[in-house]
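Me: I'm new to this one. Can you walk me through a few spots?
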Amino acid sequence: MTRTALLVTHTGRRRSTEHARTVAADLIKAGFEVRVVVEEADDLDLPGVTPVSLLGAAEGAEIVFALGGDGTFLRAADLARPAKAPLLGINLGKVGFLAEAEIDDLDEAVRDVVDRNYTVDERLTLDVRAEFEGGPVIESWALNEVSVEKGERAQMLELLVDVDGRPLSRYGCDGVVCATPTGSTAYAFSAGGPVVWPEVEALLLVPISAHALFSRPVVTAPTAIFTITVDPFTTLAVLCCDGRRVYDLPPGARVTVQRGALPVRIVRLRARHFTDRLVAKFGLPVHGWRGSRR
């Protein structure tokens, strides 16, 4: 039976394209059918690959490779999630927090996939629904975060936040971030939220630059439902999912965020503690600025 892999990469970077060719060649040599989305096929110019449409690109695939930074990983997650296909990130970008392997590990990572020498973790996601009078219902999802933000730089946004149908607080702010543990090191982190280990089952709510005495991040049960209502007399807002899908929200819009029905399945090649990942990716001063005193 033919094994199938979907390859997603950053076509705007020459180095990424070259590495994609190497991965494709190694997989084809190992007996894989290698797919690439048809919109990227010309830019990649990979011999022996199968161009496929975005819709259903990962259906039946054994694994999805994401070669690039976190943006490429999130784009690949869009394809892998509905197909329930495992997703392996190879970092060719800068931080690459979502990636499992670095560029120096590329050959070894491909060998591990060929030998089926990997495990799969399931990461909690978010489902979001936005409604406003007279407008279409917006439905989307996110692996990292859903944010409701002001649409005009000069004006503050007025938002009412409910948790499980009970009002929590009304904020004059730049917006709020609803995040997963996976996304706790992304936008929520920049907004002052806590770092949450990926294994923790929880949801995060982080106000952005709130003009309020109570603007602390909130960590809730994974079953919590956040409802964010844009004040009818406030400015235009925008809904953003993983920094990729952006929708305009008029005053009075109501956004509901809750645990996603489908997780994202992420490939793990090695047993590695999350603490080590934090230290490596953020360059944390384990020895302190004075160095070790021992």
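Me: Which residues form one aromatic cluster?
Reply: This is a predicted model, to start with. The cluster is made of Phe-97, Phe-189, Trp-197, Phe-274 and Phe-282.

Me: How many aromatic pairs does the count come to?
Reply: Four. One of them joins Phe-189 and Phe-282, and that pair is stacked. The ring centres are 4.9 Å apart, with 10° between the planes.

Me: Where do Phe-189 and Phe-282 lie?
Reply: Phe-189 is in helix α5, residues 187-190. Phe-282 is in helix α6, residues 274-282. The two parts are 93 residues apart in sequence, so the pair ties together distant numbers on the chain.

Me: Is Phe-189 buried or exposed?
Reply: In between. Phe-189 is partly exposed, because its relative accessible area is 35% and the partly exposed class runs between 20% and 50%. Phe-282 is also partly exposed, at 30%.

Me: What about Trp-197 and Phe-274, how are their rings arranged?
Reply: Edge-to-face. The centres are 4.9 Å apart and the planes sit at 70°. An angle over 60 degrees counts as edge-to-face, so this pair gets that label.

Me: Which parts of the chain does that pair link?
Reply: Distant ones. Trp-197 is in the loop between α5 and β14 (203-208). Phe-274 is in helix α6, and the two residues are 77 apart.

Me: And is Phe-274 buried or exposed?
Reply: Phe-274 is buried, with a relative accessible area of 9%. The cut-off for buried is under 20%. Its partner Trp-197 counts as partly exposed, at 30%.

Me: Now the surface. Which residues form a nonpolar patch there?
Reply: Phe-189, Phe-282, Leu-284 and Val-286. Together they have about 340 Å² of accessible area. Phe-189 and Phe-282 are the stacked pair from before.

Me: Where does Val-286 lie?
Reply: In the segment after α6. Val-286 is exposed, at 60% relative accessible area. The exposed class starts over 50%, so Val-286 falls in it.

Me: Changing topic. Which residue does the UniProt "active site" annotation cover?
Reply: Asp-70, according to UniProt, in an unreviewed entry. Asp-70 lies in helix α3, residues 70-83. Asp-70 counts as partly exposed, at 25% relative accessibility.

Me: What does Asp-70 touch?
Reply: Leaving out residues up to four places away in sequence, Asp-70 touches Gly-96, Phe-97, Leu-98 and Ala-99. Phe-97 also belongs to the aromatic cluster.

Me: OK, on to Thr-17. Where is Thr-17 found?
Reply: In helix α1, residues 14-29. Thr-17 counts as buried, at 7% relative accessibility.

Me: What is Thr-17 in contact with?
Reply: Setting aside neighbours within four places in sequence, Thr-17 is in contact with His-10, Thr-11, Asp-43 and Leu-44.

Me: Last one, Thr-2. Buried or exposed?
Reply: Exposed, at 53% relative accessibility. Thr-2 sits in the segment before β1 (3-9).

Me: Which residues is Thr-2 in contact with, beyond its neighbours within four places in sequence?
Reply: Gly-31 and Glu-33. As for Phe-32, its C-alpha atom is separated from that of Thr-2 by 6.2 Å. Along the chain, Thr-2 and Phe-32 are 30 residues apart.

Conventions: Residues are numbered from 1 along each chain as its sequence is written. This is a predicted model: local features need pLDDT of at least 70, side-chain atom pairs count only at pLDDT 80 or more; totals for chains, interfaces and linings use all residues. Side-chain values use heavy atoms; hydrogens and water are left out. Helices (H or I, at least four residues) and strands (E, at least two) are DSSP runs, numbered from the N terminus. Buried means under 20% relative accessible area, exposed over 50%, partly exposed in between (1.4 Å probe, protein chains only). Contact means heavy atoms within 4.5 Å. Rings of Phe, Tyr and Trp (its six-membered ring) pair if their centres lie within 6.5 Å; planes under 30 degrees apart count as stacked, over 60 as edge-to-face and the rest as tilted. Patches are made of residues with over 30% relative accessible area and no salt bridge: like charges are joined within 9 Å, nonpolar side chains (Val, Leu, Ile, Met, Phe, Trp, Tyr) within 5 Å. Accessible areas come from the Shrake-Rupley method with a 1.4 Å probe; for residues, only the protein chains shown count as cover. A salt bridge is a side-chain nitrogen of Lys or Arg within 4 Å of a carboxyl oxygen of Asp or Glu. UniProt positions are given in the numbering used here, feature names are shortened, and annotations may be inferred rather than shown by experiment.
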